[in-house]
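Thanks for coming. I have a few minutes on the ligand site and the empty space in one protein, so please look at the screen.

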Amino acid sequence: MTPRNLVILTGAGISAESGVPTFRGPDGLWEGHRVEDVATPQAFRRDPVLVQRFYDLRRAALAKVEPNAAHHALARLDAEWPGELLLVTQNVDDLHDRAGSRRLRHMHGELKSALCAGCGAAMPWEGDLSNTDAGAPACRRCGAARLRPDIVWFGEMPYHMEAIAAAIAACDLFVSIGTSGAVYPAAGFVDWAREAGAATLELNLDPSAGTPLFDEARHGPATALVPAWVAEVLAAVGR
Ligand code: OAD
């Protein structure tokens, strides 16, 4: 059956070939840090300087990477797909945005956004959030010097969950790309899709924890698998 409504979930694996490191390397460290030392509200309270610097470096590193063939293929799919489509990314990089995806939700926040712990405003942010000689950068809405990375840390609620749940409930094909299936709620989306009666497909470098839950799994690099799959689904609708 040709699908009409698509939900696509991406994780760090789609950006790996652009040069953005994945989270769960063989050493279990994320760029030299334990996740609990940089990606929890407790870590930020304990050592705000370390956490701000960590994300400042990740933000600055975005200037050195480009979207790859997999990001571009998903942007083409977004532009040409005649039915509903939602691209949900766990990634905090801006590579889907730069490739041109429009029907896109960042469920774990974005490096290029700052969040005011005072008034709750989120604002586009390009530079560092660490203190400078002039002091801590201030919120553009309330002026408080309480900005933090706009990243969903462990123990915090992911963004856009209502819209994501509604899209999954209405989809007939759910595709998971480049994610280890280790972090909930995203790891549970395949179950939600199955409950909704959707077909499910995994595209990942190697089998993931969730592979047995998918109707079909294809294994290999995203820059090969994703353009091939996009060409296939677009051909099925005559594009
Ligand atoms: P992981 O690092 O856990 O998993 C990356 C997945 O991508 C693995 O299954 C790899 O096999 C696969 N992979 C690596 N290179 C690939 C390639 N070239 N092509 C295709 N697949 C490839 O990253 P995520 O699953 O995204 O959360 O991690 C989920 C969340 O955990 C992240 O969003 C982050 C982290 O803690 C927050 O920051 C809140």
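Start with the side chain of His108: one of its N or O atoms is 2.8 Å from an oxygen atom of the ligand. Keep in mind that this is a predicted model, and that every distance I quote is computed from it.

Ser180 makes a similar kind of contact. An N or O atom in the side chain of Ser180 is 2.6 Å from an oxygen atom of the ligand. With Gly178 the partner is a polar backbone atom, which lies 3.3 Å from a ligand oxygen.

How much of the ligand does the protein cover? On its own, the ligand has 800 Å² of accessible area, and the protein covers 92% of that.

Now the neighbours. The ligand is surrounded by 22 residues. Closest are Ala12, Phe23, Arg24, Thr179 and Ser180; Ser180 is the residue whose side chain I mentioned a moment ago. Sorted by type, this shell holds nine nonpolar residues, 10 polar and three charged.

Next, where does the ligand sit? The space it takes is the largest pocket. The volume of that pocket is about 840 Å³. Its lining consists of 44 residues, and nearest the centre are Ala12, Phe23, Arg24, Thr179 and Ser180. Three elements each give two or more residues to this lining: α1, residues 13-16; β8, residues 199-204; and α9, residues 222-236. By type, the pocket lining comes to 26 nonpolar, 14 polar and four charged residues.

A word on how one finds such spaces. Rolling a probe the size of a water molecule over the atoms shows where empty space is left. A pocket is open, whereas in a cavity the probe fits but cannot get out.

How many cavities of 30 Å³ or more are there? The count is one. This cavity holds about 110 Å³ of space. It is lined by 16 residues, and those closest to its centre are Ser176, Thr179, Gly181, Ala187 and Phe214. Thr179 should sound familiar: it is also among the residues nearest the centre of the largest pocket. The elements that give the cavity lining two or more residues are β7, 173-177, and α8, 189-195. That lining divides into nine nonpolar, six polar and one charged residue.

Between β7 and α8 there is a loop, and Pro185 lies in it. Pro185 is joined to Tyr184 by a cis peptide bond, with omega of about 5°.

One last backbone detail, in another loop. Which residue has a positive phi although it is not a glycine? That is His160, with a phi of about 65°. His160 lies between β6, residues 147-151, and α7, residues 161-169.

That is all I have.

How values were computed:
Residues numbered from 1 in each chain as written. Predicted model: local features only at pLDDT ≥ 70, side-chain atom pairs only at ≥ 80, totals over all residues. Heavy atoms only, no water. Near = heavy atom within 4 Å. Polar contact = N/O pair within 3.5 Å; in protein donor to acceptor, adjacent residues only side chain to side chain. Areas by Shrake-Rupley, 256 points an atom, 1.4 Å probe, with all protein chains shown as cover. 1 Å grid on protein atoms, 1.4 Å probe; cavity = no way out; pocket = protein on both sides within 12 Å on 5 of 7 lines; lining within 4 Å. Sits in = over half its atoms within 2 Å of the grid points. Nonpolar A, V, L, I, M, F, W, Y, C, P; charged D, E, K, R; others polar. Points joined across faces, edges and corners; volume = space filled by probe spheres on them. Helix = DSSP H or I, 4+ residues; strand = E, 2+ residues; numbered from the N terminus.
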